[in-house]
Amino acid sequence: MAGKRNTSQRRAIRQVFEQTDRPLSTQEVLDQAQQFKPGMGIATVYRTLKILIDEGWLKTVLLPGVPPRYEIADRDAHHHFYCNTCGRAFEVPCCQALLDTIVPEGFTVATHDLVLYGTCIECVGQENSGGELAVRQGVPVNAEN
Ligand SMILES: [Zn+2]
Ligand SMILES: [Zn+2]
């Protein structure tokens with residue numbers, strides 16, 4: 001039955017998000033969902049992501065210059081760190097305490113957004129073991145915004 005199959009594919013995709021603490025691209029969802037449901041295709045992932053977004057369970061994470069990522073909608077306030085080397089996005093805590101120190105007195109902040117770009121710990125390790133001295137820090141490479 002198609003309905004039953006959809007349910008188990010959907011469960012697999014939800015499981016992928018429940019087991020990760022960072023936003024995932026469509027391809028990352030597919031790679032991980034295939035561990036639960038071998039043979040799952042990219043079209044199923046696209047369709048299921050759309051359903052989960054429509055239901056409000058997932059939300060889209062837009063990072064300038066890269067394909068959208070997705071994460072569970074009801075997470076606490078946080079921001080994202082994008083690794084320029086491996087293309088993975090990570091969660092970082094919200095910067096509210098820092099904001100309080102830089103907003104001019106008397107001003108009121110309604111909303112804020114922050115994306116950090118750099119190199120994740122795994123990629124820094126690889127660069128070092130490759131004998132490279134320079135480690136890029138927080139500078140967007142080819143930022144297209
Ligand atoms: Zn990385
Ligand atoms: Zn913040």
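This is a short tour of the predicted model above, stop by stop.

Residues count from 1 along each chain as its sequence is written, while chains are lettered from A and ligands numbered from 1 in the order in which they are written. Because the model is predicted, local features need pLDDT of at least 70 and side-chain atom pairs count only at pLDDT 80 or more, whereas totals for chains, interfaces and linings use all residues.

**The whole chain**

Start with a cartoon view of the protein chain, where you will find five helices and five strands. These are DSSP runs numbered from the N terminus (helices: H or I, at least four residues; strands: E, at least two). Follow the chain along its sequence and the order reads α-α-α-β-β-β-β-α-β-α. Of the 145 residues, 14% are buried, a label for residues with 20 or more other C-beta atoms within 10 Å of their own; 12 or fewer makes a residue exposed, anything in between partly exposed, and C-beta atoms are placed from the backbone. Contacts are also worth a glance: of those between residues at least 6 apart in sequence, 44% join residues at least 24 apart. Here a contact means that two C-beta atoms, placed from the backbone, lie within 7 Å.

**The largest nonpolar core**

Next, select Ala12, Ile13, Val16, Phe17, Leu24, Val29, Ala33, Met40, Val45, Leu58 and Tyr70, the eleven residues of the largest nonpolar core. Such a core is a set of buried Ala, Val, Leu, Ile, Met, Phe, Trp, Tyr and Cys residues joined through C-beta atoms within 7 Å. Two elements give two or more residues to it, helix H1 (2–18) and helix H2 (26–36), and H1 provides the largest share, with four. Now centre on Val45: leaving aside neighbours within four places in sequence, Val45 is in contact with Ile13, Thr26, Val29, Leu30, Ala33 and Met40.

**Where H2 meets H3**

Keep H2 in view and add helix H3 (residues 42–54). The 13 residues of H3 should span 18 Å at 1.5 Å a residue, and its end C-alpha atoms are indeed 18 Å apart; the expected span is 1.5 Å times one less than the number of residues. Just after H3, click on Gly56, which has a positive phi near 85°.

How do H2 and H3 pack? Their axes lie 10 Å apart at an angle of about 115°, which makes the two helices roughly perpendicular. Axes are lines fitted to C-alpha atoms, for helices over the stretch in contact, with angles running from 0 to 180 degrees between N-to-C directions. Angles under 35 degrees count as roughly parallel, over 145 as roughly antiparallel, 65 to 115 as roughly perpendicular and the rest as oblique. To see the meeting residues, show Thr26, Val29, Leu30 and Ala33 from H2 together with Ile42, Val45, Tyr46 and Leu49 from H3.

**Around the histidines**

Move on to Cys94, in the loop between strand E4 (89–93) and H4. Cys94 is partly exposed, with 14 other C-beta atoms within 10 Å. Not counting residues up to four places away in sequence, Cys94 touches Ala77, His78 and His79.

Then pick Leu114, in the loop between helix H4 (96–102) and strand E5 (115–118). Measure C-alpha to C-alpha from Leu114 to His80 and you should get 7.1 Å, across 34 residues of sequence.

Finish on Val115, in strand E5. Is Val115 buried or partly exposed? It counts as partly exposed, with 19 C-beta neighbours inside 10 Å. Beyond four places in sequence, Val115 is in contact with Leu63, Pro64, His79, His80 and Tyr82.
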